[in-house]
Amino acid sequence: MTILVIAEHDGKTLAPATLNTVAAAAKIGGDINVLVAGQGIGAVAEAAANIAGVAKILVADNAAYAHQLPENVAPLVAELAAGYSHILAAATSNGKNILPRVAAQLDVDQISEIISVISADTFTRPIYAGNAIATVQSTAPVKVITVRATGFDPVAAQGGSAAVEALAAVHDAGTSSFVSEELAKSDRPELTAAKIVVSGGRGMQNGDNFKYLYSLADKLGAGVGASRAAVDAGFVPNDMQVGQTGKIVAPQLYIAVGISGAIQHLAGMKDSKVIVAINKDEEAPIFQVADYGLVADLFEAVPELEQAV
Amino acid sequence: MKVLACIKRVVDYNVKVRVKADNSGVDLANVKMSMNPFCEIAVEEAVRLKELSIKEGGVATEIVVVCIGPTTAQEQLRTALALGADRAILVESAEDLTSLAVAKLLKAVVDKEQPQLMILGKQAIDSDNNQTGQMLAALTGYGQGTFASKVEVAGDKVVVTREVDGGAQTVSLSLPAIITTDLRLNEPRYASLPNIMKAKKKPLEVLTPEALGVSTASTNKTLKVEAPAARSAGIKVKSVAELVEKLKTEAKVI
């Protein structure tokens, strides 16, 4: 068995989610190759070659793959598929965008967001916002799978010395083009990789009040997230949303501030090791999953917490 | 320009589902069913494009809503008709189909209807797959604007702003194209009573996979469905000081 992992990157750096995806591949077993597709991606390919346990890096460096448009990247992956038993990508917005297109081109069903590997053809994945766990078996000749990063501890980023092979194939479907991007800039740890996450909900009342959370987060070295209610209300941008359809996080410590605990929010954070809830409504459902609940006014408790840690 | 809005009938988002005792799936007996929330956003976007066209002389002229599902999914199609779709197509299938099978059936409908724009929800809240739109794009060879938060049709292109992990990305797609909706694309309206009455008279065509000549065979098999490991409720602390003490000495996470 040989497994192809599609590297998650922004053109400049390799994203940590790649390491979790390689970990899932290692659980399946077999040789692991990593595909890096993009433009001017030498540094990413170099980082990928250092990943522990990877045999070979395939590099598709071409203007057609800049911004990893799925119309161009999917045919590349589908073309490579013949040599592989499995194709894996992280369940990031990029992986979710590209991989189903690959699966359909190969005429196989995809298995989305696996959280564990039972055997080389059988996996578990959450359904119904994590309220049920399905065990799914694939009979496809090439198994196409996205991996939920929180389900797998990352492999080491260093220690490997994979061979690097350049791919000449260029696929340019000509149906799509990149216009622009607006990426959030933050010095705080990325949400899905942070050891501690502080999240705010509708109880924050407005976007300005998130300063209390930023301040606490900076003291703890934490990432800052938000519930869908806070994002929908325009308090903070969408890239901060934690939940069923936002980011899935499982940090060592998750501090939910002014979040009631809707099912779809719990789906994004209930695998956190320790959950703290601060809410003035003692009936809030978030307390049913919290290890430590504090019924208090968040505008008093959060600054006090910041002082105390 | 014809717009195809695709919808799915799912468990209502307010229902807390329970796994069946024999682990064959979740218990859907006597459970409230609704249109998938992301699909409501898809229908709303189609209706807004048509309304904009009427006002400003744009291009969206007809909205066809399509659903792959059981006979009872006619209910959700009628809802879409009440929201502003012009006619409906149900591809009737009693069994639970995979995303690829659904995409193949939608491709057959696309071949028949030749829409310029196809709008789908990004994900169904039951299977949580997030696959169908991308797969339909692969099968048709069209461009895809997934997780859309803004859609603008201009000439023979559609410009789509997408919600991505790092923020937002804007792409331009040649028409015909596929869009999948994210939460903040729009806020769906409620159907008015007169529109609900009118919807009853709008055409609803029923097709079958056999009639469309599509095989719905799958390479995925669900072996079992289990309840997740329950997280037991913890304790309430009385003060911030007590919380910090617990986090340091008991949980040892700070």
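In this predicted model, an open sheet of 6 strands is built from both chains, with parallel pairing and the order 13(A)-12(A)-14(A)-15(A)-16(A)-13(B). The edges are taken by strand 13 (223–226) of chain A and strand 13 of chain B; each has a single partner strand, so one side of each is left without a neighbour in the sheet. On average, neighbouring strands of this sheet are turned by 20° against each other, direction ignored.

Two helices can be described against this sheet. Helix 5 (residues 210–220) of chain A packs on the sheet and touches strand 12 (196–200), strand 13 and strand 14 (253–257) of chain A. Helix 7 (residues 240–249) comes from chain B and lies across strand 15 (274–279) and strand 16 of chain A, together with strand 13 of chain B. The table gives their directions.

| Helix | Reference strand | Angle between directions |
|---|---|---|
| Helix 5 of chain A | Strand 12 of chain A | about 175° |
| Helix 7 of chain B | Strand 16 of chain A | about 170° |

Where do the two chains join within the sheet? Strand 16 (residues 292–295) of chain A pairs with strand 13 (residues 235–237) of chain B in the parallel sense, over 3 bridges. Within this pairing, Tyr292(A) has Ile235(B) as its bridge partner, and Gly293(A) stands opposite Lys236(B).

The contact between the chains can also be counted by residue. In chain A, 71 residues are in contact with 66 residues of chain B. On the side of chain A that touches chain B, 36 residues are nonpolar, 22 are polar and 13 are charged.

Methods
Residues numbered from 1 in each chain as written. Chains lettered and ligands numbered in written order. Predicted model: local features only at pLDDT ≥ 70, side-chain atom pairs only at ≥ 80, totals over all residues. Contact = placed C-beta atoms within 7 Å. Nonpolar A, V, L, I, M, F, W, Y, C, P; charged D, E, K, R; others polar. Pairing = 2+ DSSP bridges. Helix = DSSP H or I, 4+ residues; strand = E, 2+ residues; numbered from the N terminus. Axes fitted to C-alpha atoms, helices over the stretch in contact; angles between N-to-C directions.
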